[in-house]
Amino acid sequence: MTCEHRCGNACGRPAPNTSDNAYLGDLIAEAVSRRSLFRTGAVAAAVGVAGSIAVPAAGSAEDSSMAPRGLRFEPVAPNTADAVVVPEGYRQQIVIRWGDPILEGTPEFDPDAPTAEAQAGQFGYNCDHLALLDHPGDRGGKVLIANHEYTDEPLMFAGYDGDDPAREQVEIAWAAHGLSIVALEADGRSGELTPRVGEELNRRITVTTEFELTGPAAGSELVRTTADPDGRKVLGTFNNCGGGITPWGTVLSAEENFNQYFANADEVTDPQARERLARYGMPRGASGRKWERFDPRFDLAAEPNEANRHGYIVEIDPFDPDSTPRKHTALGRFKHEAANLRVAGDGTVVAYMGDDERFDYFYKFVSSRKMRGGGSRRAREHNLRLLEEGALYVAVFTGDSPDGEIDGSGDLPSDGEFGGVGEWVLLAAGDESFVDGMSAEEVYVCTRLAADAVGATKMDRPEDVEPHPATGKVYIALTNNSDRGAAGLPGADEVNPRNGNRHGQIVELTERDGDPTGTAFSWNLLLVCGDPEDSDTYYGGFPKEQVSPISCPDNLAFDPHGNLWVATDGNALGSNDGLFGVALSGAGRGQVKQFLTVPRGAETCGPIIEDRRVLVAVQHPGEIDGATFENPASAWPDGPGGIPRPSVVNVTEKRYGRIGL
Ligand code: FEO
Ligand code: CA
Ligand code: CA
Ligand code: CA
């Protein structure tokens with residue numbers, strides 16, 4: 001099952017957040033369902049259609065005229081094919097696969113004789129977040145930046161023994177993590193993208209690449225180790241999940257389930273350090289991949305602070321292959337899913353970020369310095385420092401009245417959706433802590449404990465968050481939370497409205513007065529996912545015949561028309577995962593349409609929706625219980641006889657026309 005990823009998002013583990021923050025009222029599933037019924041009637045009347053409009057017969061002219069721009073395609077039906085399935089009239093191309101050479105002199109992929117040296121020059125495993133930037137020195141060319149979240153050793157290596165991995169296998173895994181930067185040639189007629197092997201910007205960043213720690217906690221006692229007594233140089237990045245891009249041309253990459261790589265948290269002698277490690281879910285005893293046997297920094301008994309040097313947002317300059325990538329302590333340390341930016345009118349940069357754990361929190365960072373425009377070298381150098389200092393906030397969500405009605409406070413959208421208000425609670429600003437009993441350095445490094453202390457709202461696993469480029473509204477994918485309402489754990493509240501939540505929801509957050517630097521917001525539920533037939537789901541009021549079923553939202557993106565696109569991970573409705581478009585305004589608001597599905601066992605990652613191209617990362621194809629290298633559960637993308645290879649796929653309209661028009 002995809003819910004047992006080796007990335008660390010195992011649904012069966014107990015959640016470590018045992019703080020006693022107040023919960024938000026009673027179960028309101030009935031309220032959601034009541035509104036759902038209300039909207040069903042309202043929207044059907046508004047669009048003047050009864051029956052099927054969004055899932056029409058192929059080539060329906062009626063659908064083309066009804067659907068919003070960007071979403072005029074034939075929805076892909078749920079399926080379990082071992083393939084990427086795209087709409088009628090679209091085609092797909094594999095851009096790059098795990099093992100494809102990137103750096104000069106790197107051998108071709110050979111799964112029967114892999115080496116760490118070869119992997120260090122090849123595209124890594126389990127691609128997740130993608131960024132596609134214009135190549136600065138190659139007109140029409142592109143630069144792809146991909147995260148490689150984690151490794152699936154039983155699917156990668158013949159005869160893999162998890163109790164006794166070989167050094168070479170571990171070193172291959174180190175080289176298969178991190179990021180790839182690869183220049184692409186873009187065919188102007190077909191839209192095809194082809195890697196330019198050995199191009200000067202091409203780079204691999206791995207578990208052994210040197211990083212610089214920046215911000216208020218750099219150099220603090222909490223991040224000093226034997227190998228780095230100054231606490232400023234860290235080796236490597238791992239479990240890089242989602243990410244974002246900055247207006248100054250860098251890429252952000254989020255260190256997510258970094259805990260799983262460390263061992264022996266129970267042998268740490270200092271009780272406070274042990275408690276902090278426990279809040280981050282650090283393993284007792286051996287780690288899953290046994291890296292501690294090959295590099296003692298992964299053994300917490302020997303090096304308890306090494307874990308404090310991971311779990312950050314990292315920033316990479318893809319246009320300077322010699323630059324040292326940086327880890328920004330000012331954005332806090334937790335299981336970062338992603339970071340996406342909005343720039344306020346005065347140039348202040350705001351980063352929205354989720355902590356992907358059951359019952360963990362939603363954060364934002366507000367820079368203290370302002371972004372400079374103009375594109376000069378000096379402006380860029382200034383902007384490269386913006387994420388090094390600012391204020392860190394955590395969100396408290398409050399529902400409106402108990403019967404689910406909007407309370408007329410004036411802050412809320414009046415479109416009939418369920419919602420409420422909220423507050424950003426300040427944790428630290430620069431070198432100053434606003435949390436009793438914690439120093440600023442402790443807030444930045446032990447951020448979860450700081451958020452516990454101020455009563456932040458426990459969420460259903462915040463995945464990607466994206467501020468809308470035009471409206472500034474922030475969309476938060478809450479993927480699922482099977483433990484909501486379990487014995488001794490928090491029950492449903494208004495923003496997390498279902499106990500035993502298997503399918504997740506998407507929250508729409510509106511900053512008061514449109515000011516992303518402020519401390520007040522309103523919110524509403526855009527979607528409550530699951531079987532559209534069930535009364536505890538909400539699809540903008542559309543009936544089941546008119547929507548594609550969606551479950552477990554994860555990565556988010558926007559198309560050039562302002563529609564939201566949602567990639568899923570762990571679909572609990574029986575279909576493979578997929579990519580969905582949903583309009584945010586007009587009569588189609590909340591109507592979900594599936595654009596593609598990914599192969600068996602895979603999750604859909606990294607979506608990029610351009611005018612004439614959709615790019616997705618197919619992560620962990622064939623990751624199904626019991627599958628191995630010898631007995632794979634998927635042969636995608638190479639076909640019969642091949643092993644599954646995480647890959648990037650480029651989807652275009654057949655004549656390279658515009659997407660969804
Ligand atoms: Fe790596 Fe939260 O998904
Ligand atoms: Ca994710
Ligand atoms: Ca995203
Ligand atoms: Ca996920």
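1. How many bridges join strand β11 to strand β12, and do the two run parallel or antiparallel? In this predicted model, strand β11 (residues 313-316) and strand β12 (residues 326-328) are antiparallel and are joined by three bridges. Within that pairing, Glu315 has Arg326 of β12 as its bridge partner.

2. Strands β11 and β12 belong to an open sheet of six strands, with the order β8-β7-β12-β11-β10-β9 and mixed pairing. The edges are taken by β8 (233-235) and β9 (240-245); each has a single partner strand, so one side of each is left without a neighbour in the sheet. On average, neighbouring strands of this sheet are turned by 35 degrees against each other, direction ignored.

3. A separate point concerns the metal. Glu463 (OE), Asp554 (OD) and Asp569 (OD) coordinate the calcium ion (ligand 4), at 2.3 to 2.4 Å. Along the chain, the donors of this calcium ion (ligand 4) follow the spacing E-x90-D-x14-D. The site links distant parts of the chain: Glu463 lies in strand β21 (residues 462-467) and Asp554 in strand β25 (residues 553-558), with their positions 91 residues apart in the numbering.

4. Glu463 also takes part in a second contact. Glu463 bridges the calcium ion (ligand 4) and the calcium ion (ligand 2), and these two ions lie 3.7 Å apart.

5. Are the side chains of this pair buried or exposed? Both Glu463 and Asp554 are buried, which means that each has under 20% relative accessible area, counted over protein chains only.

Terms used. Residues are numbered from 1 along each chain as its sequence is written. Chains are lettered from A and ligands numbered from 1 in the order in which they are written. This is a predicted model: local features need pLDDT of at least 70, side-chain atom pairs count only at pLDDT 80 or more; totals for chains, interfaces and linings use all residues. Side-chain values use heavy atoms; hydrogens and water are left out. Two strands pair if DSSP finds at least two bridges between them. Helices (H or I, at least four residues) and strands (E, at least two) are DSSP runs, numbered from the N terminus. Axes are lines fitted to C-alpha atoms, for helices over the stretch in contact, and angles run from 0 to 180 degrees between N-to-C directions. Donors are N, O and S atoms within 2.8 Å of the metal (3.2 Å for Na, K and Ca); water is not among the atoms, so sites may look incomplete. Buried means under 20% relative accessible area, exposed over 50%, partly exposed in between (1.4 Å probe, protein chains only).
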